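I'm opening a fresh page for this one. The plan is to go through the chains piece by piece and jot down what I look up.

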Amino acid sequence: MYRKKAWRILGLLMVALLVLLIAGGCGGKSATQNNAPSQEKKEGTAATSGKYPEKPITIIVPYAAGGSTDALARAIEKVWTKYSPQPVMIVNKPGAGGVEGREFVKTSKPDGYTLMIGYGSGEDLIGPQLQKVPYDPLKDFTPIARMSIHSTIICVPGNSQFKSMQELINWAKTSKQPVTASVSTATGNVNITMRGIGKVTGINIVPIPHQGGAQAITDLIGGHTIVGGGSGNEVAPHIQAGRLRPLAVDLPERDPAFPDVPTLKEQGINFYSWGSVKGIAAPAGTPKEVVDYLAGVLKKVSEDPEFKESMKNLYQPILYMGPEEYQKFFKEAYDYFGKLIKDLNITLQ
Amino acid sequence: MGIFEGLINGFSIALQGYNLIFAFVGCLLGTAIGVLPGLGPAATISLLLPVVYKMSSPATSIIFLAGIYYGSMYGGSTTSILLNLPGEAASVVTAIDGYKMALKGRAGAALGIAAIGSFIAGTIGVIGLSFVAPPLAEFALRFGPPEYFALTLVGLLLAVFLSGSSIVKGLITLLIGLLLASVGLDPMTGKVRFTGGIIGLQSGFDFVTLAMGVFGIGEILYTLEQSLKGEIVTTKIGNVFPTIKDFIEAKWAIIRGSLIGFIVGILPGGGAVVASLASYAVEKKCSKKPEEFGQGAICGVAGPESANNAASSASFIPLLTLGIPANASIAMIFAALLIQGVTPGPFLVKEHADVFWGVIASMYIGNLMLLALNLPLVGIWVQLLKVPFGILAPAVVLFTCVGVYSIANDTFSIYTLLFFGLLGYFMRKLEFEPGPLPLAFVLAPIIENSLRQSLLMSGGSMAIFFTRPIAATLFGIFIALVIAQGLQSLRRRKRSEVSPEITTGEFNTAFVKLSTGNKLNGKG
């Protein structure tokens, strides 16, 4: 009896100790990681000391694996080593809808070894204008290159009566019925596009937010909503199978991945958006020669035939821009979305 | 593609060399983690997600993970029977009669019937899966937000009715699960809720951490507090082939268990745990000698073990057709599919036919492999258990912490793990059945979203739930269930007025015993 009790207490103690040890041990490690950048941030020395890059470069995907940003990162990874002596490592840091990954990059050393992909998505251009986030998308990052833009393809189910945007708008106006619209999330570009269309045409569009593009599209195909939209890779297979019919694209010009789909403007609807911009950025304060080096590699990547092929399969048009150009573009898109959010009176309920 | 064409295509994929190897490795690993208490399939699969990432095809990775999942259902029985310590949650019930059988020197028969029952049920489950899933996927497109809302609500309620000793406690657990799930980003608008300004909570609690804490750490803390009497009955395993008499006695239990498992497995929120509990209750009711239950009834082993295997195959159905993961492990497989660029949902059967049929075909093969792994090799698995619990427990804690840490490479997870471990410990101590907690947690966003989406669609009118045929039918079932449960508890109260000892009713006695600690403290 006595011995058994001793074993029990020993066991309990060991468990308690282990948990504390592990938690404490890891805590210590991450604490030093967090402290490091703040000490070296001002100097930004690591990169300038020798030839850059000296070790593999980490690209943070601030979303779970499997999404369109992740797919872009993998396509870059595949051809990267053709143009740079050091490989890239893709690390997914999902959480808080893309906020955690961005915060991680913001607090990383600005030495060119930690980059972020997806700079220009909703979490940079739209989200921060709707609620407080722990980063400033304009000040906390150094833009490196724009790689692609995912437009929103506005679709109706394959068996829908509507063949064009005008038919849909006419129906809504004569029947006075609300037009339910499947959208991925409330902070997403599809939602803004739908509200924008409602605003400029005067019809009652009711956006139904989902937990992501895939679910929104499934609801649309099932005919539970009248209209909807998604990015190219989300809708393309269904368009080919006849389950969805594309009506319009929301960019100022046609999407190179969907050359047959007219823009909203072409159909007399005076509205456009900037889609989801997929660029690569580094923490603010990254040395210029590092930025230029990375932008150069990415430029070559964007011209690589193998990369072009993968992007074609992903229905993501390649729209490369260098650092300065991209920064200007980003600011323009940011201000445009800010104006849209104000005009459309979008808030998070 | 027809079902038979599909299956032939599937076998051509499953029989490819590397797919066969990964199916085998998956089954082997599954059995091992099923045997080891504490490290369940969900934890293991989450640990292996980075490995899966590097695999060339989605079919291979899911074949591998599925092997771990249903393999663990076989292995789980071993520890339950020999150590009175369930290797994973779905084998909890097996411990009640299995351990008693082992104490009586019939460990071999118990292990044997568990393996054979698992094989028969697993195969029935896979056959069901091959025939039910494709037509269901076609049908699934008709599920819009109101239907999803009805389905998940009914699923949750079923889980409470089936798994708890007390409905009130079950509902409280369910509410805790729903509350925990509401921390973090609002799933529809992206607005931050209930984080108290803690950045680590912005993405909400992690499901794996919650499951590992409540089941893994909570279980170990509770077990350590109890006397560590779980001696391994290794000396008397004897012949692992049950006698003809055993088999005749157990055959209907196996068939009933398979059917119950399959039906429960299809329900979102069903899954292997609920299936094995339901089967035990049914076997006890059907038995001519219900007094034998809890004393080493072979049907009390055969039924639940069959049920959890049939359910583990069937729980792939809501995943592959609706994109609703039924339980923790399936949620992990859901994540793995997403990693590979395959979105589970109504289009999976059509667009990823190779994945769908390849995985199903591999399950036919895997079940055969597992029969071979479990019947003759049971002695080897037992060796795994010779590690004293005083060493095993810290090792499992270590694995759990590493596993949790590796998910997001974040220490915050370890603190939340500890928090959930304490929650699990107190729940067990206060006799709350933890099952509905993770379930409510997984289903909460679906419930919340689909309710809000439905009301947006209808402009705020509740009529949408009763004017659409599928939703209306589901709500009909829901209301019938509530009434049936109400009547049962009324009857129970009447009965308890007559004889005060019977306070919980026939149906629930088994679970009361379970939650009062029959399974782990060794006193019962």
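Among contacts in chain B between residues at least 6 apart in sequence, what percentage join residues at least 24 apart? I get 79%. Note to self before going on: this is a predicted model.

**Chain B, overall**

I looked up the secondary structure of chain B and found 23 helices and 2 strands. I also checked burial: of the 524 residues in chain B, 62% are buried.

**Chain B, a helix pair**

Next I pulled up helix H6 (residues 107-140) of chain B against helix H12 (residues 299-314) of chain B. Their axes are 7 Å apart, and the packing angle is about 30°. Angles under 35 degrees count as roughly parallel, so I file H6(B) and H12(B) as roughly parallel to each other. The crossing of H6(B) past H12(B) is right-handed.

Who touches whom? On the H6(B) side I note B:Ala110, B:Ile113, B:Ala114, B:Gly117, B:Ser118, B:Ala121, B:Gly122, B:Gly125, B:Val126 and B:Leu129. They meet B:Val301, B:Ala302, B:Glu305, B:Ser306, B:Asn309, B:Ala310 and B:Ser313 of H12(B). I sorted the residues of this contact by type and got 9 nonpolar, 7 polar and 1 charged.

**Chain A, the sheet of 6 strands**

Over to chain A. What is the strand order in the open sheet of 6 strands? I read E2-E1-E3-E10-E4-E11, with mixed pairing. Strand E2 (88-92) and strand E11 (318-321) of chain A are the edge strands, and each pairs on one side only. Ignoring direction, neighbouring strands here are turned by 25° against each other on average.

I then zoomed in on strand E4 (residues 141-150) and strand E10 (residues 276-283) of chain A, which pair antiparallel over 8 bridges. For a register check, I see A:Ser148 opposite A:Lys278 in E10(A). Helix H10 (residues 288-303) of chain A packs on this sheet and touches strand E1 (57-61), strand E3 (114-119), E4, E10 and E11 of chain A. The direction of H10(A) makes about 15° with that of E4(A).

**Chain A, the sheet of 5 strands**

There is also an open sheet of 5 strands in chain A, ordered E7-E6-E8-E5-E9, again with mixed pairing. Why is one side of strand E7 (205-209) and of strand E9 (244-249) of chain A left without a neighbour in the sheet? Both stand at the edges, so each has a single partner strand. The twist averages 30° from one strand to the next.

I looked at E9(A) more carefully. Strand E5 (residues 153-157) of chain A runs antiparallel to E9(A), and 5 bridges join them. A:Ile154 stands opposite A:Ala248 in E9(A). Is E9(A) enclosed or open? I count 5 of its 6 residues as buried, so E9(A) is largely enclosed by the rest of the structure.

**Where chain B meets that sheet**

Helix H20 (residues 436-458) of chain B lies across strand E6 (179-183) and E7 of chain A. H20(B) runs at about 170° to E7(A).

**Last lookup, a helix in chain A**

For helix H8 (residues 213-221) of chain A, I list these buried residues: A:Gly213, A:Ala216, A:Ile217, A:Asp219, A:Leu220 and A:Ile221. Just after H8(A), I note a positive phi of about 75° at A:Gly223.

Conventions:
Residues numbered from 1 in each chain as written. Chains lettered and ligands numbered in written order. Predicted model: local features only at pLDDT ≥ 70, side-chain atom pairs only at ≥ 80, totals over all residues. Heavy atoms only, no water. Axes fitted to C-alpha atoms, helices over the stretch in contact; angles between N-to-C directions. Helix = DSSP H or I, 4+ residues; strand = E, 2+ residues; numbered from the N terminus. Parallel < 35°, antiparallel > 145°, perpendicular 65-115°, else oblique. Left-handed = near helix turned anticlockwise from the far one by under 90°. Contact = heavy atoms within 4.5 Å. Nonpolar A, V, L, I, M, F, W, Y, C, P; charged D, E, K, R; others polar. Pairing = 2+ DSSP bridges. Buried < 20%, exposed > 50% of the residue type's maximum accessible area, 1.4 Å probe, protein only.
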